[in-house]
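Welcome! Here are a few short exercises for getting to know a new structure, each with a worked solution. Take a look at the model first, then follow the steps.

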Amino acid sequence: MSYELNALLSTAELLDVVAAEVPVARVARLAQGLALIPMTERLHAVLSNPEGRDQPGFTRFPAGFARRLEAWSQAGPIAYVEAGRQTGGEVQQAAVWVHGRIALGPLRTDEGDPRPPEGGAICQALRRLGATPGEDGADEFAAVGLDRLHRSADWLPQ
């Protein structure tokens with residue numbers, strides 16, 4: 001089964017603040033005190049600024065969205081991640097903003113490429129957010145529970 005994810009990742013506390021500021025945002029809890037906000041079509045439209053520009057390296061990054069991430073990251077690290085199938089196979093992309101600027105990335109991990117010792121793009125971003133591998137040897141991706149659901153829309157709270 002293929003996997004597709006477009007989301008913001010951070011602490012549950014910070015994403016609750018984001019959701020209060022952007023009412024169409026919906027927070028889904030993960031393990032280790034983290035959470036995600038799925039980047040739905042509606043949220044993408046609300047966050048897009050036609051006068052802004054896209055973030056290089058991402059396919060679904062709302063135009064002008066980096067300014068919001070810069071502002072939110074003043075309160076704590078926040079990541080934007082994408083995972084899914086593109087021409088050539090599965091791709092992961094991630095970036096983390098801290099104190100108003102990009103502190104990691106944008107990173108890209110392509111299926112079939114050797115994994116760097118520090119892990120794939122999303123695992124690296126999760127580590128910057130404070131995630132740790134599972135005691136069972138699971139990487140950060142599985143340890144926080146991102147492997148439970150396979151589409152961004154599935155993360156929307158019911």
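**Exercise 1.** Find where E51 sits and decide whether E51 is buried or exposed.

*Solution.* Start with the location: E51 belongs to the loop between α2 (41–47) and α3 (65–72). Keep in mind that this is a predicted model. Next, take the relative accessibility, which is 77% for E51. Exposed means over 50%, so E51 counts as exposed. Finally, look along the loop: E51 and G64 are 13 residues apart in sequence, with their C-alpha atoms 6.9 Å apart in space.

**Exercise 2.** Do the same for E140, and work out which side chain makes a polar contact with the side chain of E140.

*Solution.* First, E140 lies in helix α5 (residues 140–143). Second, its relative accessibility is 6%, so E140 counts as buried. Third, the side chain of R127 makes the polar contact, at 3.0 Å. Beyond four places in sequence, the contacts of E140 include C123, L126 and P133.

**Exercise 3.** Classify two aromatic pairs, F58 with F61 and F65 with Y80.

*Solution.* A ring pair is described by the distance of the centres and the angle of the planes. The count comes to 7 aromatic pairs. F58 and F61 are 5.6 Å centre to centre with 25° between the planes, a stacked pair. For F65 and Y80, the centres are 6.3 Å apart and the planes at 80°, so this pair is edge-to-face. That pair links distant parts of the chain, with F65 in helix α3 and Y80 in strand β4 (residues 78–86). Both F65 and Y80 are buried, and F58 and F61 are buried too. To finish, F58, F61, F65, W72, Y80 and W97 form one aromatic cluster.

Definitions and conventions:
Residues are numbered from 1 along each chain as its sequence is written. This is a predicted model: local features need pLDDT of at least 70, side-chain atom pairs count only at pLDDT 80 or more; totals for chains, interfaces and linings use all residues. Side-chain values use heavy atoms; hydrogens and water are left out. Helices (H or I, at least four residues) and strands (E, at least two) are DSSP runs, numbered from the N terminus. Buried means under 20% relative accessible area, exposed over 50%, partly exposed in between (1.4 Å probe, protein chains only). A polar contact is a pair of N or O atoms within 3.5 Å; within protein, one must be able to donate a hydrogen and the other to accept it, and residues adjacent in sequence count only if both atoms are side-chain atoms. Contact means heavy atoms within 4.5 Å. Rings of Phe, Tyr and Trp (its six-membered ring) pair if their centres lie within 6.5 Å; planes under 30 degrees apart count as stacked, over 60 as edge-to-face and the rest as tilted.
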